[in-house]
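Trainee: I should like to study this model with you, one question at a time. May we begin with the aromatic rings?

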Amino acid sequence: MDSARDNVSMANPGPTAAETVLQELRSALTTGHLLPGQQLIQEDLASDLGVSRVPIRESLKILEGEGQVTYHPNRGYFVTELSADDLIELYRIREILEAEALAKAVVEVSDADIADIEAILSKVNEAAKSGDVAVLTETNRAFHFAIIELSGMNRLSRLIRQLWDASDIYRTVYFRDPVNRERIHSEHQEIMDALKSRDAQALIRAQNNHREHAVQALTTVISR
C-alpha cells in the first residue's frame, strides 16, 4: 500500500516552491494587495510567504518577463506602473491575434462546447455580481480561453495567454469598478450569442467592442 501511495505521489508531484510563490504573487497583483508603483522587497516577500529568496527571485523574473513587474538597477523590483501607451499596444496586439483564433473557433465549436462555455459564463456572472475580483479575473479568463482554444492553434493560444498575463494588472483595475463589472454581462452575452450562431464576423466584432470598452475605461483611469 505504501509503495502504491509513493508511486501516486511521484506521478502527481505537488507544486514547487517557485510555482507556489508565483501563484501567490499573481493573486496579490490581481486582488490589488500589490499596487502599481509599489516596491517589492524580496526579504519581506520571503518572510511573508515563509520561503527563501530563491523562489521569490525566480518568480519576480517571470513576472518581469510578462511586464507585470519592472526591475530598476540599484533599486530593485516594482509593480509596473499603469501606462496608457502600454495598454493600447497590448490590446492592439491581442486584437490582431484573437481575431485569427476566433475565426477558427466558430468552425470547430460543438454544441457540447457551447454548453461548457455557458456554464463558465454563469460563474463569471456570479463573481461579477458578488464583486469578488479574484474569482472574476479567473473565471473571465477561463471563459475567453475556452473560446480561443477551440481554434486548436496551440502556439497562437500561448501567445495570446502571454499577452493576457502582461495585462492582468489593467484587468484588475477594470474589474474593481462596479460599472465595469455590470457592463461585462451584456458584452459577454453578445460574444456567446455570436459563438452560438457560428458567426465569425459577429464574434470578432463583439470581442473587439468588449476589448475597446475596457481600453476606454482604463485610459480614463490612468489619465487622472
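Mentor: Certainly. Please bear in mind that this is a predicted model. The structure holds three aromatic pairs.

Trainee: In the aromatic pair formed by Tyr71 and Tyr77, what is the angle between the planes?

Mentor: A pair of aromatic rings is described by the distance of the centres and the angle of the planes. For Tyr71 and Tyr77, the centres lie 4.9 Å apart. The pair counts as tilted, and the angle between the planes is 55°.

Trainee: Is Tyr77 buried or exposed?

Mentor: A residue is called buried under 20% relative accessible area. Its partner Tyr71 has a value of 40% and is therefore partly exposed. Tyr77 has a relative accessible area of 5%, so Tyr77 is buried.

Trainee: What is the distance, centre to centre, in the pair of Tyr174 and Phe175?

Mentor: Tyr174 and Phe175 form a tilted pair, with 55° between the planes. Tyr174 is buried at 4% relative accessibility, and Phe175 is buried at 2%. The distance of this pair, centre to centre, is 5.9 Å.

Trainee: Over the ring of which residue does the charged end of Arg94 sit?

Mentor: Two arginines may be described here. Arg161 lies over the face of Phe145, 4.1 Å from the ring centre. The charged end of Arg94 is 4.7 Å from the centre of another residue's ring, that of Tyr91.

Trainee: What is the order of the strands in the open sheet?

Mentor: Strands of a sheet pair through backbone hydrogen bonds, either parallel or antiparallel. In this open sheet of three strands, the pairing is antiparallel. The edge strands, β1 (39–40) and β2 (69–72), each pair on one side only. The order is β1-β3-β2.

Trainee: Which residue in β3 is the bridge partner of Gln39?

Mentor: Strand β3 covers residues 76–79, and two bridges join β1 to β3. These two strands run antiparallel. The bridge partner of Gln39 in β3 is Phe78.

Trainee: Which helix packs on the sheet?

Mentor: The helix in question spans residues 53–66 and touches β1, β2 and β3. Its direction makes about 105° with that of β2. This is helix α4.

Trainee: With the side chain of which residue does the side chain of His188 make a polar contact?

Mentor: His188 is found in helix α10 (residues 178–196). His188 has a relative accessible area of 0%, so this residue is buried. Among the residues that His188 touches are Leu121, Val124 and His210. The polar contact, at 3.1 Å, is with the side chain of Asn140.

Conventions: Residues are numbered from 1 along each chain as its sequence is written. This is a predicted model: local features need pLDDT of at least 70, side-chain atom pairs count only at pLDDT 80 or more; totals for chains, interfaces and linings use all residues. Side-chain values use heavy atoms; hydrogens and water are left out. Helices (H or I, at least four residues) and strands (E, at least two) are DSSP runs, numbered from the N terminus. Buried means under 20% relative accessible area, exposed over 50%, partly exposed in between (1.4 Å probe, protein chains only). A polar contact is a pair of N or O atoms within 3.5 Å; within protein, one must be able to donate a hydrogen and the other to accept it, and residues adjacent in sequence count only if both atoms are side-chain atoms. Contact means heavy atoms within 4.5 Å. Rings of Phe, Tyr and Trp (its six-membered ring) pair if their centres lie within 6.5 Å; planes under 30 degrees apart count as stacked, over 60 as edge-to-face and the rest as tilted. A charge sits over a ring if NZ of Lys or CZ of Arg is within 6 Å of the ring centre and within 35 degrees of the ring normal. Two strands pair if DSSP finds at least two bridges between them. Axes are lines fitted to C-alpha atoms, for helices over the stretch in contact, and angles run from 0 to 180 degrees between N-to-C directions. Lists of a residue's contacts leave out its neighbours within four places in sequence.
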